[in-house]
Amino acid sequence: MSLVTATIKRDLLLAARNPGEWLNPLMFFLMVAALFPLAVDPDPKFLSKIAGGVIWVAALLATLLSLDALYKADVEDGSLEQWLASGESLYAMSLGKALVHWCISGLPLTLMAPVLGLMLALPDDAFWALILSLAVGTPVLSLLGAVGAALTAGVRSGGLLLSLLILPLYIPVLIFAASAVYHAGIGMAWNGQIGFLGAMLALALCLTPFASAAALKLNLSR
Amino acid sequence: MSDALCFGGGVKTQLIAVVVMWQWLKQLYHRLGSPKWFYEITTGWIPWLAVLSVIGTVVGLVLGLLYAPADYLQGNSFRIIYIHVPAAILAQSAFMMMAVAGAVYLIWRMKMAAWVAKVIAPIGASFCLIALLTGAIWGKPTWGTWWVWDARLTSMLLLLFLYFGVMALQQAMESEDSSYRAGAILSLVGLVNIPIIKYSVEWWNTLHQPATLKLTEKPSMHPDMLIPLLIMIVTTYVFFALLVILRTRNEILWHERKRSWVKQILES
């Protein structure tokens, strides 16, 4: 377990020293959300209707953008081989990597989303739904995405491929999260949707590290 | 006491039957692992499967297109069901077969399973595409539009995306073994996700869209319509088996091309 905590510390330190890694997806998040009023309609009435969906699509794309780098450096500099040789549990290792990824992508996205909500005229009632849905939903995105990142770590120009693999798997999260925000906005109950997101999070926490671990081993055998 | 004995004897025979079946399955499994055995045994199957799929298609389509009564609501346009539904069913079960074959390769490293999984991906994707296209053609006269965000349409579209993902990943990998393994992992992840996607899409749809464009609820189908449909479904499975066997044989010939038995076949 010590190796896992050491890796988590190392990755957080690396992110702190190289802020572009986690700041760029955040700026991307902001810019994508700003495109919609420009391209579609800046009318607040219209915006307040689509705000939740737009913010969620932007968050999803920003997560995808930051996933590509998750295992790349570790494959290139040989850290991955050291992990595999160390005999430590790959399950714990990939879980740790996904959690670090959430800390530097999902968490800042969650914290920044209310600002975007203000810009997109999100209804007042929907702010908590937005924050909660992002807090519960983005870890699922990180966990599922880590599987894709592990699969494509050794592939040249794997970024686009990663999006192809992972986007269909993100659809359920998007559906439930956007609908929670939308229903909160029109004054209906939204705890059911958050419950579903929580169920998906539990499932992803248990199962995706297995797939990630299997996919990581694959990078060694080449 | 005697009852208990009888019961015990029943369990015993059942146990023996299970053990015998298990042994038989194990034997079959080990044989299936041999490319040569598979190649030789399927040589005799191909003409049968081909004839069966031609006869089934002709009978099913003639019965369906000429003899089945027209639908009271949709008229003759409903007849595309005889292609649409079998293709849709097959697209879904092909994904399951691909994932199972992939799992067999991941766990037991059986080469045959990897080849079968690789071969199924494009075939399954083609059936998925056929289902979507015929669905669109059917939708035009029935719903008045080529595409609606109906739950079933959307989940078929996502299934097609999953197939594309598996195929793209397999092509991107440099070594053959890692392409098989990566495809297997992704199709297993996809298999877990398919029910989640299906139910979330249905749930989303029922919330967002009132049932304006629903297919007329099928009251139990008239046998004259149902029998051709069943024939077409079975035939599509036979045709699928034929395609998979033919393409797997190609893979076998290519991968075993340096073996003496393949050289003999190729020379004769």
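## Salt bridges in the model

Across all chains of this predicted model, a search of the whole structure turns up nine salt bridges. One place to start looking is chain A, where the side chains of Arg10(A) and Asp74(A) form a salt bridge, with 2.9 Å from N to O. This pair ties together distant parts of the chain: Arg10(A) sits in helix α1 (residues 2-17) of chain A, Asp74(A) belongs to helix α4 of chain A, and 64 residues separate the two.

And how many salt bridges are there between chain A and chain B? The count there is zero.

## Where the two chains meet

Let's turn to the interface itself. On the chain A side, 26 residues are in contact with 26 residues of chain B. Together the two chains bury about 2300 Å², and 81% of that area is on carbon and sulfur atoms. Within chain A, the residues that lose the most area to chain B are Leu169(A), Ile175(A) and Leu218(A), which together account for 21% of what that side buries.

Which elements of chain A give two or more residues to the side that touches chain B? They are α7 (127-152), α8 (158-185) and α9 (191-221) of chain A. Of these, α8(A) gives the most, with 11 residues. Sorted by type, the chain A residues on this side divide into 19 nonpolar, five polar and two charged. Residue pairs in polar contact between chain A and chain B, counted with both residues at pLDDT 80 or more, number zero.

## Transmembrane regions of chain A

For chain A, an unreviewed UniProt entry lists the feature "transmembrane region" at residues 21-40, 46-67, 99-121, 127-153, 160-182 and 194-216. Two of these spans are worth a look in the model.

In residues 21-40 of chain A, the end C-alpha atoms lie 30 Å apart, and the span is 95% helix and 0% strand. For residues 194-216 of chain A, the end C-alpha atoms are 31 Å apart, with 100% helix and 0% strand.

## The build of chain B

What does chain B look like when read along its sequence? Its pattern is α-α-α-α-α-α-α-α, with eight helices and zero strands. Taken along the principal axes, the C-alpha atoms of chain B fill a box of roughly 65 × 60 × 40 Å.

## How confident is the prediction?

For the model as a whole, the scores are ipTM 0.87 and pTM 0.86. Chain A has an average pLDDT of 90, and 99% of its residues score at least 70. Among the elements of chain A, α7(A) has the highest mean pLDDT (94), while helix α4 (residues 72-76) of chain A has the lowest (85). That helix α4 of chain A is also the one that holds Asp74(A), the salt-bridge partner mentioned at the start.

Chain B averages a pLDDT of 85, and 91% of its residues score at least 70. Among its elements, helix α3 (residues 81-108) of chain B has the highest mean pLDDT (93) and helix α1 (residues 2-32) of chain B the lowest (75). Two stretches of chain B deserve some care as you explore. Over residues 1-6 of chain B, pLDDT stays under 50, and the model has zero contacts for them beyond four places in sequence. Residues 209-215 of chain B also have pLDDT below 50, and this stretch has seven contacts in the model beyond near neighbours in sequence.

Notes
Residues numbered from 1 in each chain as written. Chains lettered and ligands numbered in written order. Heavy atoms only, no water. Contact = heavy atoms within 4.5 Å. Buried area = accessible area lost by both parts, 1.4 Å probe. Salt bridge = Lys/Arg side-chain N within 4 Å of Asp/Glu carboxyl O. Polar contact = N/O pair within 3.5 Å; in protein donor to acceptor, adjacent residues only side chain to side chain. Helix = DSSP H or I, 4+ residues; strand = E, 2+ residues; numbered from the N terminus. Nonpolar A, V, L, I, M, F, W, Y, C, P; charged D, E, K, R; others polar. pLDDT = per-residue confidence, 0-100. UniProt positions renumbered as here; feature names shortened; annotations may be inferred.
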